[in-house]
Each structure stands twice: as structure tokens, then as C-alpha cells.
Amino acid sequence: MEQLHMYWKNDGQEVPAYKLPEGYVIKKINDVPNGVQQWLEIISHGLVEGVRDEAFYQRVMVEEKGFDPEYCFLVMYGDEAVATLDILLYTWRNDGHLHMVGCKENHRGKGLKTVQELGFATASLTTDDQRIPAIKSYYKVGFQPDLSTQDYVERWAKINAIIGR
């Protein structure tokens with residue numbers, strides 16, 4: 001089944017400063033020892049299934065159009081990477097595409113850096129119907145569903161009924 005799409009448009013309002021809960025910090029993947037290995041561990045928590053290695057990271061991240069390691073973030077709790085937010089830069093349209101967003105189960109619901117803070121005019125993402133907690137988070141930071149096809153309209157109606165929207 002094709003993934004669902006969501007979009008965010010900068011409305012020009014100032015974005016309030018965001019503060020992570022105590023004990024959490026955000027670092028760029030290249031600033032974290034064994035950053036790629038820690039990233040692989042994070043995405044194995046419900047984002048992708050099966051064995052993943054550095055060749056997988058190379059294929060799904062580095063080789064993607066718009067990849068820049070400066071926009072691959074790890075949320076750290078002590079020395080442990082517990083979440084990731086990876087953005088592909090579509091500079092020709094001043095858009096950031098949330099490419100990989102994942103979090104270890106015991107750290108979910110704590111909050112992540114938002115695309116609004118990074119200065120993009122628009123942002124986009126794709127997600128799956130069953131990722132209800134993630135979809136709630138995307139709604140919370142202002143993303144709206146793509147309703148461009150009848151299939152999307154029907155699928156979003158089911159999701160919205162589940163989450164009470």
C-alpha cells in the first residue's frame with residue numbers, strides 16, 4: 001500500500017523556542033560516536049524490520065537526493081541515542097522532507113526538534129496508516145494530510161476516527 005503524505009507550510013509566525021526534557025540533548029549524527037550504528041538501532045524500533053547495516057544507511061540515507069548529514073539528528077539521553085529526525089533538503093523549493101523519524105519505545109512522547117525551528121518554508125513527510133502515535137505527533141506540530149485522491153480521503157477518515165479528529 002502506498003504511504004500517506006502530510007504537508008506543513010510556514011505561516012510566518014515566530015516559532016516558540018523548544019526545550020527538550022531534562023537529560024535530553026540533540027546532536028548531529030556525525031558528532032556522536034558510532035552515530036550510524038546508534039541510528040540503525042533506533043530505526044529497528046518499529047520503523048523498519050529486519051537486519052540493517054551500514055550499507056542500508058548508505059542506501060536509504062546517503063544516496064537519497066537532498067541528503068546532508070548536517071540535517072541528520074540524534075536525540076541523546078546520556079551516551080545513548082534514543083531518537084532520530086532526519087531531513088532531506090529540497091533546496092529548489094525551500095522544503096524539508098522528514099525522511100526518517102524514529103524513537104525507542106521507552107523514550108516516546110518526549111518531543112523532538114521540529115522542522116519549524118529549521119527555517120523551512122514548507123515540509124513534507126510520508127507515513128503509514130498504522131503509525132497512529134506518529135501521526136498524532138505530526139498533527140500536533142501542524143502537519144496536514146494530503147487529501148488529493150479518494151484513496152487518501154478514505155484512509156485519512158479512518159485514521160481521524162481512531163484519533164478523534
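In what order do the 7 strands of the open sheet lie, and what is the sense of their pairing? In this predicted model, the strands follow the order S2-S3-S4-S5-S6-S1-S7, and the pairing is mixed. The edges are formed by S2 and by strand S7, residues 144–145, each of which pairs on one side only.

A walk through part of the sheet shows how this mixed pairing comes about. S5 and S6 run parallel to each other and are joined over 4 bridges; here Gly-96 has Ala-123 of S6 as its bridge partner. On the way to the S7 edge, S6 meets S1 in the antiparallel sense, over 6 bridges. Ala-123 appears here as well, as the partner in S6 of Trp-8. S1 in turn pairs with S7, again in the antiparallel sense, over 2 bridges, and Met-6 finds its bridge partner in Pro-145 of S7.

Helices pack against this framework. H2 packs on the sheet and touches S3, S4 and S5, with a direction that makes about 150° with that of S5. H4 lies across S1 and S7 and runs at about 80° to S1.

The interior comes next. The largest nonpolar core has 21 residues, and those touching the most other members are Met-6, Leu-98, Tyr-138, Phe-143, Trp-156 and Ile-159. Two or more residues each come from strands S1 (4–9), S4 (80–90), S5 (95–103) and S6 (122–127), and from helices H3 (132–140) and H4 (150–163). Of these elements, H3 gives the most, with 5 residues. Apart from this core lies another, of 16 residues, which includes Ile-29, Trp-39, Ala-81 and Met-100.

Tyr-138 offers a useful view into the largest core. Once neighbours within four places in sequence are left aside, Tyr-138 is in contact with Met-6, Val-101, Leu-125, Thr-127, Arg-131 and Phe-143. Two of these partners, Met-6 and Phe-143, are also named among the residues that touch the most other core members.

Charged side chains add a further set of links, and the structure holds 4 salt bridges. In one of them, Lys-28 meets Glu-70, with the closest N and O atoms 2.6 Å apart. Lys-28 belongs to strand S2 (residues 24–28) and Glu-70 to the loop between helix H2 (54–62) and strand S3 (72–77), so this pair ties together parts that are 42 residues apart in sequence. Both partners are partly exposed: Lys-28 has a relative accessibility of 29%, and Glu-70 has a relative accessible area of 39%.

A second salt bridge joins Lys-104 and Glu-80, with 2.8 Å between the closest N and O atoms. Here too distant parts of the chain are linked, as Lys-104 sits in the loop between S5 and S6 and Glu-80 in strand S4, 24 residues apart. The partners of this bridge fall on either side of the limit for burial: Lys-104 counts as buried because its relative accessibility is 9%, under the 20% cut-off, whereas Glu-80, at 33%, is partly exposed.

Arg-155 and Asp-129 meet in another salt bridge, at 2.6 Å from N to O. The arginine lies in helix H4 and the aspartate in the loop between S6 and H3, so parts of the chain 26 residues apart are tied together. Arg-155 is buried, with 8% relative accessibility. Through shared partners, salt bridges join Asp-129, Asp-151 and Arg-155 into one network.

What is the count of disulfides? The count comes to 0. A disulfide would be a covalent bond between the sulfur atoms of two cysteines. Among the cysteines, Cys-72 is buried at 1% relative accessibility, and Cys-103 is likewise buried, with a relative accessible area of 14%.

A last site concerns Tyr-77, which has its place in strand S3. This residue counts as partly exposed, at 39% relative accessibility. Beyond its neighbours within four places in sequence, Tyr-77 is in contact with Glu-22, Gly-23, Tyr-24, Val-82 and His-107. Tyr-77 and His-107 are 30 residues apart along the chain, and their C-alpha atoms are separated by 9.1 Å.

Note on methods. Residues numbered from 1 in each chain as written. Predicted model: local features only at pLDDT ≥ 70, side-chain atom pairs only at ≥ 80, totals over all residues. Heavy atoms only, no water. Core = buried A, V, L, I, M, F, W, Y, C linked by side-chain atoms within 4.5 Å. Buried < 20%, exposed > 50% of the residue type's maximum accessible area, 1.4 Å probe, protein only. Contact = heavy atoms within 4.5 Å. Pairing = 2+ DSSP bridges. Disulfide = S-S within 2.5 Å. Axes fitted to C-alpha atoms, helices over the stretch in contact; angles between N-to-C directions.
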